[in-house]
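Please open the structure in your viewer and keep the selection tool at hand. This tour moves from stop to stop, saying at each one what to select and what can be found there.

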Amino acid sequence: MTLAAKLIADGDSATTMNRGGGSGGGVFVRATSSLDFGLGAAVSAKGAGGPGGAGGGGRVALIYGNSTTLRVEAVDVSGGPAMTNQKNGGSGTVYIRGGTTDQLLVKAAALDALTTEFTSIILEDEPVGDISLNNVVVRGEDVDNDAVKWLINGTLSLTSAKIIATTVDVEAGGGLIIDELSSIDVSKRVTDMKSPGAGVNTTEASSGGSHAGVGGKGSAKDAAEPHGTASQPLSLGGPGGGGAAGGGAVRIVVDGAVMIDGAVNADGESVTEGNGGGGAGGSIWISAGETFAGKGLLSASGGASSGEIGRASC
């Protein structure tokens, strides 16, 4: 199959005051053998703008048998542009499968690179192949309960992207690539005072949260005991007495290589005022079947005041 035209499923712009823009629609293309992009070929499922909030991008799936000349740059699922004081629409998704490729691509155009956020990206048909996140943020809204859990056959690549959640659990048959502008951040997420390691709240100086180490006692008589394991850390950092949040947990197990030039953070929250205790650092567990390299940062530090460090295993 040769695509020589434009396939368009864009949302409609709003013109009436206070109305929001329409979201992009869906485009599904399946070729039994090859799928080629001719001159001028393009696929578009863009969101549209308006006086209110802009519409989100749509979904595109391109499936072929054995070969393709498709150009990813010719596929546009960007969110719509917002007017002043409004938010741009979030980017859509592009799914590409054929030959040796099985990839979910979530990308944002330069227009909305700083404002494209997802509360979650759920993989309904696990496992998929590669996942590439470009210029997007995945930000869980429920601080104590949100989670990112992905099972993929290929490689997880983050390019100018951020994953923010309480727990991140990824198993990949390929590898992990985090570029220098990207991060996985589970810091300052655990606020439930019934959590293991929670600090003791007092009217004077509360104790810090505990995890790998015991939280500082402050004026409290006791602090919680350490919990979790050193070699396979999955436990959460205890919140400090007074409510400073503990760090969450990251588990990444890949069969291939790990390259981290960005950051993986599971820090506890610091206390900036009052008598509360700092939150304990969380857990980072990374297992690579091949090489582990990069110039990035892994951090599971306790929050300032009296919080304790977390656990990291690589």
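## First stop: a buried serine

Select Ser187, which is buried, with a relative accessible area of 12%. Please keep in mind throughout that the model is a predicted one. Ser187 sits in the loop that runs between strand S19 (183-185) and strand S20 (249-254). If you display side chains here, you will find that those of Ser187 and Asp185 are joined by a polar contact of 2.8 Å. Apart from its neighbours within four places in sequence, Ser187 is in contact with Asn265, Ala266 and Asp267, and one of these, Asn265, will be a later stop on the tour.

Now move along to Lys188, which is found in the loop between S19 and S20. Is Lys188 buried, partly exposed or exposed? Its relative accessible area is 49%, and because the limit for counting as exposed is over 50%, Lys188 is classed as partly exposed. The backbone deserves a look as well, since phi of Lys188 is near 55°, a positive value in a residue other than glycine. As a general background, most residues other than glycine have a negative phi.

## Second stop: Asn265 and its surroundings

Select Asn265 next, which lies in strand S22 (residues 263-265) and is buried, with a relative accessible area of 15%. Which residues does Asn265 touch, when those up to four places away in sequence are not counted? They are Ile184, Asp185, Val186 and Ser187, together with Leu297 and Ser299.

From Asn265, go on to Ile184, and show the residues around it. Not counting residues up to four places away in sequence, Ile184 touches Leu158, Ile163, Val168, Ile178, Val250, Ile252, Ala263, Val264 and Asn265. Ile184 also belongs to the largest nonpolar core, which has 33 residues, and within which Leu133, Trp150, Val168 and Ile184 touch the most other members. A second core, separate from this one, is made up of 20 residues, among them Val27, Ala74, Val77 and Val94.

## Third stop: two loops

Select Ser160, which lies in the loop between strand S15 (156-159) and strand S16 (162-164). Here too phi is positive in a residue other than glycine, with a value near 50°, and Ser160 counts as partly exposed at 27% relative accessibility.

Add Glu180 to the selection, whose place is in the loop between strand S18 (176-178) and S19. The C-alpha atoms of Glu180 and Ser160 are separated by 7.7 Å, while the two residues are 20 residues apart along the chain. Glu180 counts as exposed, at 55% relative accessibility, and, leaving aside its neighbours within four places in sequence, Glu180 is in contact with Asp261, Gly262 and Lys295.

## Fourth stop: an open sheet

Turn now to the open sheet of three strands, whose order is S1-S4-S7 and whose pairing is parallel. The edge strands, each of which pairs on one side only, are strand S1 (2-3) and strand S7 (67-68). Between S1 and strand S4 (residues 34-37), the parallel pairing extends over two bridges, and if you select Thr2 you can look for its bridge partner in S4, which is Asp36.

Select Ser67, which is found in strand S7 and is partly exposed, with a relative accessible area of 34%. How many residues apart in sequence are Ser67 and Leu35? The two are 32 residues apart in sequence, and 6.5 Å apart in space, C-alpha to C-alpha. Once its neighbours within four places in sequence are left aside, Ser67 is in contact with Ser33, Ser34 and Leu35.

## Last stop: the whole protein

Finally, zoom out and colour the chain by secondary structure, where the protein has zero helices and 26 strands. Of its 314 residues, 50% count as buried, and the accessible surface of the protein comes to about 14300 Å², of which 49% belongs to carbon and sulfur atoms. How do the contacts span the sequence, among those between residues at least 6 apart? In the protein, 66% of these contacts join residues at least 24 apart.

Definitions and conventions. Residues are numbered from 1 along each chain as its sequence is written. This is a predicted model: local features need pLDDT of at least 70, side-chain atom pairs count only at pLDDT 80 or more; totals for chains, interfaces and linings use all residues. Side-chain values use heavy atoms; hydrogens and water are left out. Helices (H or I, at least four residues) and strands (E, at least two) are DSSP runs, numbered from the N terminus. Buried means under 20% relative accessible area, exposed over 50%, partly exposed in between (1.4 Å probe, protein chains only). Contact means heavy atoms within 4.5 Å. Accessible areas come from the Shrake-Rupley method with a 1.4 Å probe; for residues, only the protein chains shown count as cover. A nonpolar core is a set of buried Ala, Val, Leu, Ile, Met, Phe, Trp, Tyr and Cys residues joined through side-chain atoms within 4.5 Å. A polar contact is a pair of N or O atoms within 3.5 Å; within protein, one must be able to donate a hydrogen and the other to accept it, and residues adjacent in sequence count only if both atoms are side-chain atoms. Two strands pair if DSSP finds at least two bridges between them.
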